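Work through the exercises below with the model open. Each task is followed by a solution in steps.

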Amino acid sequence: MNRILIAVGIVGALVVAGFMLVSMFIVYQTQQAIVVQFGVPQRVVTEPGLYVKLPWQQVYFFDRRLLNLDVPSEEVIAQDKKRIVVDAFARWRIVDPQRFYQRLYTEDRAAARLAYFLSSDIRRVLGSQDFATMLSPRRSELMHDIRDDMNQDTQGFGIHIVDVRIRHADLPPDNSQAIYQRMSKEREREAAEYRAEGDETAQRIRARAEREVTVIKAEAMREAQILQGEGDAEKTRTLAEAYGQDPDFFSFYRSMQAYQDALGGNNTTVVLSPNNEFFRYFGGGAGAAAKK
């Protein structure tokens with residue numbers, strides 16, 4: 001009898017333990033849960049902790065963090081008929097687990113639906129703008145418009161699109177190469193214009209400098225000639241005064257200058273008569289006798 005009671009007790013304990021195992025669940029801080037009974041949502045759990053459910057009920061967990069939606073790059077035709085390759089992504093969050101479960105069921109299905117909406121809204125919003133606008137400060141406004149359109153498309157899905165970002169909005173490789181070549185030629189043309197303007201400015205500066213140099217040299221020559229004339233006049237006046245005071249000394253001084261000019265070279269040969277007046281200051285000559 002005791003053995004039967006022990007066996008029944010053990011079985012009962014195992015049943016209770018199994019009941020507790022299937023009836024209890026944990027919701028972590030990064031999760032939110034929905035309790036479903038035969039496919040019908042019963043309650044939503046958004047706070048972390050240990051919870052109890054009926055054994056036949058099921059629990060579905062959803063991430064409460066910010067989720068990332070990354071889609072492949074796609075080609076968009078802008079308003080100015082330019083083909084643009086756009087690389088974009090979105091961030092979204094589950095805000096109503098019950099609606100999310102009823103409409104999308106799983107996060108993978110949600111990502112597939114959101115990728116379709118993101119692609120469609122990118123083509124609609126960016127297709128209404130030209131390529132220059134996508135590169136201007138209005139780019140952030142365009143991303144906000146895409147986000148708002150996605151929130152409008154996903155109403156009733158229990159999710160919220162937090163942000164949409166465009167990583168790149170580039171032209172296809174063929175168009176990029178053509179634009180690069182056109183820009184390169186434009187830059188070469190601008191460089192040629194700048195060089196021509198620089199050469200013109202340099203020539204103008206050189207001409208002005210040469211003109212100023214000519215004026216300065218002319219002024220210097222004029223002043224030099226004036227000073228030289230004044231010096232010659234002063235020299236003449238001084239010599240005249242000296243001649244007036246001592247004619248013999250002046251005659252001697254002028255003769256010495258004549259000797260220096262005539263006999264300055266090392267190989268100078270002068271053929272004159274010994275009685276010439278030119279040698280009157282040389283001793284023993286006829287000039288010296290005449291002087292006496």
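**Exercise 1.** State what the secondary structure of the protein comes to.

Solution. Take helices as DSSP runs of H or I with at least four residues and strands as runs of E with at least two, numbered from the N terminus. The protein then has eight helices and nine strands. This is a predicted model, in which local features need pLDDT of at least 70 and side-chain atom pairs count only at pLDDT 80 or more, while totals for chains, interfaces and linings use all residues. Residues are numbered from 1 along each chain as its sequence is written, and side-chain values use heavy atoms, with hydrogens and water left out.

**Exercise 2.** Classify the ring pair of Tyr 60 and Tyr 101 and place both residues.

Solution. A pair of aromatic rings is described by the distance of the centres and the angle of the planes. Rings of Phe, Tyr and Trp (its six-membered ring) pair if their centres lie within 6.5 Å; planes under 30 degrees apart count as stacked, over 60 as edge-to-face and the rest as tilted.

1. The structure holds nine aromatic pairs.
2. For Tyr 60 and Tyr 101 the centres are 5.1 Å apart and the planes lie at 35°, so this pair is tilted.
3. Tyr 60 belongs to strand β5 (residues 58–63) and Tyr 101 to helix α2 (residues 97–103), 41 residues apart, and the pair links distant parts of the chain.
4. Buried means under 20% relative accessible area, exposed over 50%, and partly exposed in between (1.4 Å probe, protein chains only). Tyr 101, at 9%, is therefore buried, whereas Tyr 60, at 21%, is partly exposed.

**Exercise 3.** Compare the span of helix α3 (residues 107–126) with the expected one.

Solution. The expected span is 1.5 Å times one less than the number of residues. For the 20 residues of α3 this gives 28 Å, and the end C-alpha atoms are 27 Å apart, which agrees.

**Exercise 4.** Describe how α3 and helix α5 (residues 139–153) cross and what makes the contact.

Solution. Axes are lines fitted to C-alpha atoms, for helices over the stretch in contact, with angles from 0 to 180 degrees between N-to-C directions.

1. The two axes come within 9 Å and cross at roughly 135°.
2. Angles under 35 degrees count as roughly parallel, over 145 as roughly antiparallel, 65 to 115 as roughly perpendicular and the rest as oblique; α3 and α5 are therefore oblique to each other.
3. Contact means heavy atoms within 4.5 Å. Among the residues that make it are Leu 114, Phe 117 and Ile 122 of α3 and Leu 142, Ile 146 and Met 150 of α5.
4. The buried residues of α5 include Leu 142, Ile 146 and Met 150.
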